[in-house]
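User: I've got a model open and I'd like to learn how to read it. Can you walk me through a few features?

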Amino acid sequence: MKKYLLGFLLLLPVTDLLSGQAPNDPLMSKCLLSAGSTAKYLKDLRIQLGQAASESEFRYKENMSLWKNTIYRFTICTADDSKGQLIMNIMDETNKIILSSIDKNTGTIYPFVDLVCNKSGIYQIYFDFTEQQAGSGVTIVSMIQ
Amino acid sequence: MRAKTISLVLFIIFLIFSCRNASRKSGEFVLTNADSLNNSNNSAAEAVEEIYRNFSSPMEIANLFQALGVPFSSDFLALSLYAKEQTTSFEKALYLGILGADLGYLNMYEKTGTSIELVSSIKKLAEGLKVGQFFDFEAIKRLSLSRSNLDSLLFLSLNSYRQINKYLRENNRSQLSSLMIVGAWIEAQFFAAQVIKEYPENSLRDRIGEQKIVVNDLIKIISPYCKMDEQFRELCGYFRDISAKYENVKITYTQGTPESTEKDGGLVVTQTESSMVEMTDEQLAAIIDITGKVRNKLIKVN
């Protein structure tokens, strides 16, 4: 018993060192890696939603300014224990859909979407999980050249 | 004997964890209240929150420089602030924003080894505002020195600033959060104003002109505090001057339908609609001039 406790104590500094690594969230780390080596991190959006009581519009919204002459990459990652898959729509200030990470005709869900932005402004980024099920996930917004 | 050993070990574990968490838990911090405002400023906090979410990172301008092939220049950095002692919360918050933009610029150009001095200055400022607990300085230093894992470094740096802003807003210190945003913006705008003198590229010209969208928001987040003290009064005046230079700059839009293609398993969407900036050379020159003047007054050079 003493041996195990001593071993645990010796491990403590190691876990402390590990916690100093960035970032600590495994899903975030995985998603940062998925963004690719040419992508430069800008922002992360964490989404956690329960099962929707009734069918509605996408339930999570963030506003973000996007600038002309920039290519933005949205890397969308769903936590393993989620019931649905995280999906995203981006709308402009006039509520026009600019892009969707799901192709409603084929059902394809894209793990990342690159937006070649030619119009500066404030955009609305909407998220939900497929069939409005419960889930959690992360989206990394980065810039690519 | 066995029970004693277990008790001792558990006590040591307790000590280690309680010390380790002490600097991380924001709830345990006691503010001096010197720069806390009462709850009547909740609406101002909400405005800052909304604008902060919309606010573009100073790194986006550095990304544009890189796309244009602009080399790194340390001449743009607010080097005079590095070793300076700040006395007021106003200065600490404003300079935290300015140095944050400098850090973003250095990181984007991967001049991470040279950013250690800057990180130490940021640490001092953050601790002066009692928000040092949100910066994992050791991890930032380690990543900076190792010159590897740029994404983790960008994540840590930006995330620290984000947490500070959130914490200040949630603790009735929105005026400090506003100052950080204003500081980061003026520094990034200063970079752009300096670079365009040597690289008069249209995309950079557009980016400077498009800041008209942001200037009004910045005025909105500092205006509740314009009468608070002399430093805020001056700052509000400076931003009114900047806004005046943007008055006749026009942003127009063309319509179009986005085009989509699949690439490497992902989707690439290209906007065919665009925004265009109508700005004369004289208007641009006036914006460059006022930007330099305001930024240098704020960091007290010239």
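Analyst: Sure, let's start with confidence: pLDDT is the predictor's confidence in each residue, from 0 to 100. This is a predicted model, and chain B has a mean pLDDT of 82, with 79% of its residues at 70 or more.

User: Where in chain B is the pLDDT below 50?

Analyst: That's residues 8-34 of chain B. The stretch still makes 30 contacts in the model beyond near neighbours in sequence. Where pLDDT is low, though, the predicted coordinates should not be read in detail. As for scores on the model, ipTM is 0.84 and pTM is 0.80.

User: What is chain B built from, in helices and strands?

Analyst: Chain B has 12 helices and four strands. Buried means under 20% relative accessible area, and 54% of the 302 residues of chain B fall in that class. Take the contacts between residues at least 6 apart in sequence: in chain B, 74% of them join residues at least 24 apart. The accessible surface of chain B is about 13800 Å², and carbon and sulfur atoms hold 52% of that.

User: Now the sheet in chain A. What is the strand order?

Analyst: Two strands pair if DSSP finds at least two bridges between them. In chain A, that gives an open sheet of four strands, ordered 2-7-4-5 with antiparallel pairing. Strand 2 (60-66) and strand 5 (97-100) of chain A are the edges, each pairing on one side only. From one strand to the next, the twist averages 25°.

User: How many bridges join strand 4 to strand 7 of chain A?

Analyst: Six, between residues 86-91 and residues 121-129 of chain A, running antiparallel. Look for Ile90(A), which stands opposite Ile125(A) in strand 7 of chain A.

Methods: Residues are numbered from 1 along each chain as its sequence is written. Chains are lettered from A and ligands numbered from 1 in the order in which they are written. This is a predicted model: local features need pLDDT of at least 70, side-chain atom pairs count only at pLDDT 80 or more; totals for chains, interfaces and linings use all residues. Side-chain values use heavy atoms; hydrogens and water are left out. Helices (H or I, at least four residues) and strands (E, at least two) are DSSP runs, numbered from the N terminus. Buried means under 20% relative accessible area, exposed over 50%, partly exposed in between (1.4 Å probe, protein chains only). Contact means heavy atoms within 4.5 Å. Accessible areas come from the Shrake-Rupley method with a 1.4 Å probe; for residues, only the protein chains shown count as cover. Axes are lines fitted to C-alpha atoms, for helices over the stretch in contact, and angles run from 0 to 180 degrees between N-to-C directions.
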